[in-house]
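User: Please go through the model with me, one question at a time. I should like each answer to set out its reasoning before it closes on a value or a name.

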Amino acid sequence: MQKGSCHCGAIQFEVDGTFGDLIECNCSHCQRKGYLLWFVGRDQLKLKTPESALGTYKFNKHVIDHHFCPTCGCAPFGFGKAPDGAATAAINVRCLEGVDLTTVTRIPYDGRRA
């Protein structure tokens, strides 16, 4: 179980599983925020904070709920659907505890053209 939070700790969560390669998207949103994304089934993410405490931002096609902390602005995850319709969570691995980012493999994704 991986533990994570926003910067101020107001949003806390746990993710069941172990990440491998991470997606580094170059869309206008992900690039500005510096996301390194790990996609999991929505049921693998357990919120320790009420969902009502999350800020939500939608852009472009409005199909992903990009969640952030209204206090510190940190964006630890988003909710969406996989191509097969399954509920997913995109975890910003930068918000997980104890991750050495120098050891992760980054897979570029061209979100600008997607």
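User: With which side chain does the side chain of histidine 67 make a polar contact?

Analyst: This is a predicted model, in which local features need pLDDT of at least 70 and side-chain atom pairs count only at pLDDT 80 or more, while totals for chains, interfaces and linings use all residues. Residues are numbered from 1 along each chain as its sequence is written, and side-chain values use heavy atoms, with hydrogens and water left out. Histidine 67 belongs to strand 7 (helices, H or I of at least four residues, and strands, E of at least two, are DSSP runs numbered from the N terminus). At 3.0 Å, its side chain makes a polar contact (N or O atoms within 3.5 Å; within protein, one able to donate a hydrogen and the other to accept it, with residues adjacent in sequence counted only if both atoms are side-chain atoms) with the side chain of threonine 56.

User: What is the relative accessible area of histidine 67?

Analyst: Leaving aside neighbours within four places in sequence, histidine 67 is in contact (heavy atoms within 4.5 Å) with residues including Glu51, Leu54, Pro76 and Phe79. Histidine 67 counts as buried because its value falls under 20% relative accessible area, whereas exposed means over 50% and partly exposed lies in between (1.4 Å probe, protein chains only). The relative accessible area of histidine 67 is 4%.

User: Which residue in strand 8 is the bridge partner of histidine 67?

Analyst: Strand 7 takes part in two antiparallel pairings (two strands pair if DSSP finds at least two bridges between them). Strand 6 is joined to strand 7, residues 65-68, by 3 bridges, and here tyrosine 57 stands opposite histidine 66. Strand 7 also pairs with strand 8 over 3 bridges. In that second pairing, the bridge partner of histidine 67 is phenylalanine 77.

User: Which element gives the largest share of the lining of the largest pocket?

Analyst: The largest pocket has a volume of about 900 Å³ (on a 1 Å grid over the protein atoms alone, a cavity is a set of points where a 1.4 Å probe fits but cannot get out, and a pocket is an open set with protein on both sides within 12 Å along at least five of seven lines; lining residues have an atom within 4 Å of a point; points are joined across faces, edges and corners, and the volume is the space filled by probe spheres set on them). Of the 34 lining residues, the closest to the centre are Phe39, Val63, Ile64, His66 and Tyr109. Two or more residues each come from strand 3 (22-25), helix 1 (28-33), strand 4 (37-41), strand 8 (77-81) and strand 9 (87-92). The largest share, 5 residues, comes from strand 8.

User: How far apart are the C-alpha atoms of threonine 88 and tryptophan 38?

Analyst: Threonine 88 lies in strand 9 and is buried, with a relative accessible area of 16%. Not counting neighbours within four places in sequence, threonine 88 is in contact with residues among them Val40, Gly41, Arg42 and Phe79. Tryptophan 38 is 50 residues away from threonine 88 along the chain, and their C-alpha atoms are separated by 10 Å.

User: What distance in space, C-alpha to C-alpha, lies between phenylalanine 13 and leucine 96?

Analyst: Phenylalanine 13 is in strand 2, residues 12-15, and is buried at 1% relative accessibility. Leucine 96 sits in the loop between strand 9 and strand 10 (106-109) and is likewise buried, at 6%. Leucine 96 touches Phe13, as well as residues including Gln2, Val15 and Trp38. The two residues are 83 apart in sequence, and their C-alpha distance is 9.0 Å.

User: In the hairpin of strand 1 and strand 2, which residue takes a positive phi?

Analyst: Strand 1 and strand 2 run antiparallel and are joined by 4 bridges, with glutamine 2 opposite valine 15. Along strand 1, residues 2-5, Gln2 and Gly4 point to one face and are buried, while Lys3 and Ser5 point to the other and are not. The hairpin has 6 residues between the strands, and the positive phi, near 90 degrees, belongs to glycine 9.

User: Which backbone nitrogen does the side chain of threonine 49 reach?

Analyst: Threonine 49 lies in the loop between strand 5 (45-47) and strand 6 (55-57). Threonine 49 is buried at a relative accessible area of 10% and touches Ala10, Ile11 and Gln12, residues up to four places away in sequence not being counted. At 2.8 Å, its side chain reaches the backbone nitrogen of glutamine 12.
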